[in-house]
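Trainee: I have a model open and would like to understand the labels people put on its parts. Could we go through a few of them together?

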Amino acid sequence: MNIQSSNACHGGIQHVVTHASTATGGDMTFAIFLPAEAKDGPVPVLWFLSGLTCTHENAMVKAGAQAWAAEQGIALVFPDTSPRGEDVADDEAYDLGQGAGFYVNATQDPWAPHFQMWQYVSEELPALIGKEFALDMDRQAITGHSMGGHGALTLAMSLPGRFKSVSAFAPIAHPTASDWGRKQLTAYLGSDESTWAAHDSTLLMRAHGFDGPILIDQGTDDQFLDLLMPEALADAIVKRRQNGIFRMQKGYDHSYFFISTFMEDHVNFHAEALWSA
């Protein structure tokens, strides 16, 4: 593990770290913010999974999460969205390949050798940061944006007991029925659609829901609204009577202006769950 940069930030410290990954077969980069309280002992963890084309840097720089995390005394982890490198398969389209890992373990060529993002985010990276930093890994929460919102919701519902709470900004909510999903799931997992269900938050909500509170924000002016299909997830939440809040935010689009506007709400939402656990 190599710390590439460290910056004082809201009384804590913001690191950018690279490390060799067994899961993805190459070097990976992530960012981690540690509040001042981490100097005295382990602190709770909030994961932020980013969307298509993003790296660890987008949310680290644009979301404004550190100020609210510092106030609540919780750490932030910003993973990358895919493996990268000259030997890693890629595609000319922005929504497949590098920058578009979709938080799945690919089984199809040419993606399978490196695109093991589910294993990386759910197993390898938690083990690494739990060992190297002052984190309370029994108190974890997760959020994300767009493709990352899809990842946050599917991880939370597939790993019972792991996360105390889950939230999402404009998640890809029903990928098995959307062009943002069917293309990528076919490429990474193959044409057998029975293997896709584990990576669709609407289907997971219908099947068993989440064992904690959920918060979802969606902008009414999101230019990708038809691809995200939030209405399918909202309907599943209501029918399951899930403990959750689903908000349509008037006038907001898909950008980080939207995320930064409501980030305080999300951090406070998770802090309540993390500190009451």
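Mentor: Gladly! Keep in mind that this is a predicted model. A good place to begin is strand 5, where five of the five residues are buried, so the strand is largely enclosed by the rest of the structure.

Trainee: What makes the residues of strand 5 count as buried?

Mentor: The cut-off is under 20% relative accessible area. Ala75, Val77 and Pro79 point one way and Leu76 and Phe78 the other, and all of them are buried, so each falls under that 20%.

Trainee: How do you know that strand 3 and strand 5 pair?

Mentor: Pairing needs at least two bridges. Strand 3 and strand 5 are joined by four, running antiparallel, so they qualify. Within that pair, Phe33 has Leu76 as its bridge partner.

Trainee: And what makes strand 4 and strand 5 a pair?

Mentor: Three bridges join them, in the parallel sense, so the requirement of at least two is met here too. Leu76 is the bridge partner of Leu46.

Trainee: Why is the sheet's pairing called mixed?

Mentor: Strand 3 and strand 5 run antiparallel, while strand 4 and strand 5 run parallel. The order of the nine strands in this open sheet is 1-2-3-5-4-6-7-8-9.

Trainee: Why are strand 1 and strand 9 called edge strands?

Mentor: Each of them pairs on one side only.

Trainee: What lies across strand 5?

Mentor: Helix 2 (residues 65-72) does, running at about 145 degrees to strand 5. Helix 2 also lies across strand 1, strand 2 and strand 3.

Terms used: Residues are numbered from 1 along each chain as its sequence is written. This is a predicted model: local features need pLDDT of at least 70, side-chain atom pairs count only at pLDDT 80 or more; totals for chains, interfaces and linings use all residues. Side-chain values use heavy atoms; hydrogens and water are left out. Contact means heavy atoms within 4.5 Å. Axes are lines fitted to C-alpha atoms, for helices over the stretch in contact, and angles run from 0 to 180 degrees between N-to-C directions. Buried means under 20% relative accessible area, exposed over 50%, partly exposed in between (1.4 Å probe, protein chains only).
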